[in-house]
Amino acid sequence: MTASITPERPSATEGQRSRPLIVTEDEALLDDLLRLCAAAGAEPEVAHGVLTRRGSWEAAPLILVGDDSAARLSDRARRQGVLLIGRDLDDHGIWQRAVALGADNVAFLPDAETWLVDRIADVAEGVGRQALTVGVIGGRGGAGASTLACALAVTAARSGRRTMLIDADPLGGGLDVLLGGEGAQGLRWPAFAESRGRVAGSALEESLPELHALRVLSWDRGDSVVIPPSAMRAVLAAARRRGGVVVVDLPRRVDDAAAEALSQIDLGLLVVPSELRAVAAAHRVASTVGMVLRDLRAVVRGPCGPELGDEEIAELLGLPLAGQLPPEPGLADAFEGGEPPGGSPRGPLGRFCAEFWTRALADEGGVTA
């Protein structure tokens, strides 16, 4: 349980990674706070009731004060980012000590553990611009959505942007295979299936395989694993907090986990081959996805004939047109030679992706690398 004393929270500059300060002589409380810091991916500075390092009170982005030490610190300069940590919900005197300390909030353990981990993780990771998150979904089977998702990620990484590619389609065969990295070291989805609450963004990024200068969360070659919505929520939120861009390969069937992924997508691309049957199938997908995702655009996979052009297809779907994706001869041969989709910046796929990012990032006001 937490209660607010003042509404302000400490701000962190983009990319800032700072150490929270713990002040307490209560060994049991210290153990709990160290455990919560570890869960948040933070390494705190500890003061056993007395501040021994000059400037630590002023410089720490977040200060966790045990109730046992509150009275000794009441003469400290007022600042934001001070939390008073207690255990006894029935101790009404803690509110007077919080006011004397100038605390922003009072947090009672163990009830407030999840909330406190989030606050610690905010300062450990830094609070900056979230990643522009793009979802790619096929209008029908074999539309080429996974290929486009990989190409978008490869193109973004080639431009020097922090890039994460997330495979949210358990039946897609694995994006690491498309990138030629099925044997690469790193964690896959089964390792995150039981994730609850907050996942540290830096720990997620560092644990994943790195392929073509981007990080990839894919599936392993084992039995199918069900990803609960809570795990999808935690993983995607962690990926977005790292900034840059996140590309998500989405399944056409919208289950609870897919709906959770869609809720965190900024912009969706529906890949539709220029065929009437494909348009009919894509219309059903668009109707379902559109109930969750507000910004869904059509990518028409050519070649388009004079009787069914890309603008006509987008109009039939009731979607804005994101562009026409022309065919790329030799794509299969390039894959066999170890080149990922979009690996050639001069190829049709690479040019399409580069133009897409130029427009999308301009609309977002630019996304930091």
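Arg297 sits in strand β13, which covers residues 296–301. The model that places this residue there is a predicted one. With a relative accessible area of 21%, Arg297 is partly exposed, because the buried class ends under 20%. Apart from neighbours within four places in sequence, Arg297 is in contact with Leu267, Gly268, Leu269, Leu270, Leu319, Pro320, Ala322 and Asp363. Asp169 is 128 residues from Arg297 along the chain, and the C-alpha atoms of the two are separated by 19 Å.

Strand β13 belongs to an open sheet of eight strands, in the order β9-β10-β8-β11-β7-β12-β13-β14, with mixed pairing. The edges of this sheet are β9 (210–211) and β14 (321–325), each of which pairs on one side only. Strands of a sheet pair through backbone hydrogen bonds, either parallel or antiparallel. At the β9 edge, two bridges join β9 to β10 (residues 214–217), and these two strands run antiparallel. Across that pairing, Glu210 stands opposite Arg215 in β10.

The loop between β9 and β10 holds two residues with notable backbone angles. One is His212, which lies in this loop and has a phi near 55 degrees, a positive value in a residue other than glycine. Ala213 is also placed in the loop between β9 and β10, and its phi is positive too, at about 70 degrees, although Ala213 is not a glycine. As to accessibility, His212 counts as partly exposed at 34%, while Ala213 counts as exposed at 54%.

Helices lie across the strands of this sheet. Helix α8 (residues 229–241) lies across β7 (132–138), β8 (163–167), β10 and β11 (245–249), and runs at about 150 degrees to β11. Helix α10 (residues 276–289) lies across β7, β12 (267–273) and β13, where its direction makes an angle of about 165 degrees with β12. Strand β13, the strand of Arg297, is thus among the strands that α10 lies across.

Beyond β13, the chain enters a loop that leads to α11 (310–317), and Pro303 lies in this loop. The peptide bond that joins Gly302 and Pro303 is cis, with omega about 10 degrees.

UniProt, in an unreviewed entry, places the feature "domain: CobQ/CobB/MinD/ParA nucleotide binding" at residues 136–338. In the model, this span is 36% helix and 18% strand, and its end C-alpha atoms lie 23 Å apart. The division of the chain into domains uses other bounds: domain 1 is 21–125 and domain 2 is 132–365.

The next residues to consider are in domain 1. Thr24 is placed in the loop between β2 (21–23) and α1 (27–39). Thr24 is buried, with a relative accessible area of 0%. A polar atom of the Thr24 side chain lies 3.0 Å from the backbone nitrogen of Asp26. Not counting residues up to four places away in sequence, Thr24 touches Leu29, Leu30, Ala47, His48, Gly49, Gly66, Asp68 and Ser69.

Further along domain 1, strand β5 (residues 82–86) is joined to β6 by four bridges, and the two strands run parallel. Within this pairing, Leu84 has Val106 of β6 as its bridge partner. In a regular strand the side chains alternate between the two faces of the sheet. Strand β6 (residues 105–108) is covered on both faces: Asn105 and Ala107 are buried on one side, and Val106 and Phe108 are buried on the other. After β6 comes a loop that leads to α4 (113–125), and Pro110 lies in it. A cis peptide bond joins Leu109 and Pro110, again with omega about 10 degrees.

How do the two domains stand to each other, and how many residues of domain 1 are in contact with domain 2? Six residues of domain 1 are in contact with seven residues of domain 2. The C-alpha centres of the two domains lie 41 Å apart.

Taken as a whole, the chain has 13 helices and 14 strands. Its C-alpha trace spans about 80 × 40 × 40 Å along the principal axes. Of the 369 residues in the chain, 52% are buried. Among contacts between residues at least 6 apart in sequence, 72% join residues at least 24 apart.

Methods
Residues are numbered from 1 along each chain as its sequence is written. Side-chain values use heavy atoms; hydrogens and water are left out. Buried means under 20% relative accessible area, exposed over 50%, partly exposed in between (1.4 Å probe, protein chains only). Contact means heavy atoms within 4.5 Å. A polar contact is a pair of N or O atoms within 3.5 Å; within protein, one must be able to donate a hydrogen and the other to accept it, and residues adjacent in sequence count only if both atoms are side-chain atoms. Two strands pair if DSSP finds at least two bridges between them. Axes are lines fitted to C-alpha atoms, for helices over the stretch in contact, and angles run from 0 to 180 degrees between N-to-C directions. UniProt positions are given in the numbering used here, feature names are shortened, and annotations may be inferred rather than shown by experiment. Domain bounds come from an automatic or database domain assignment.
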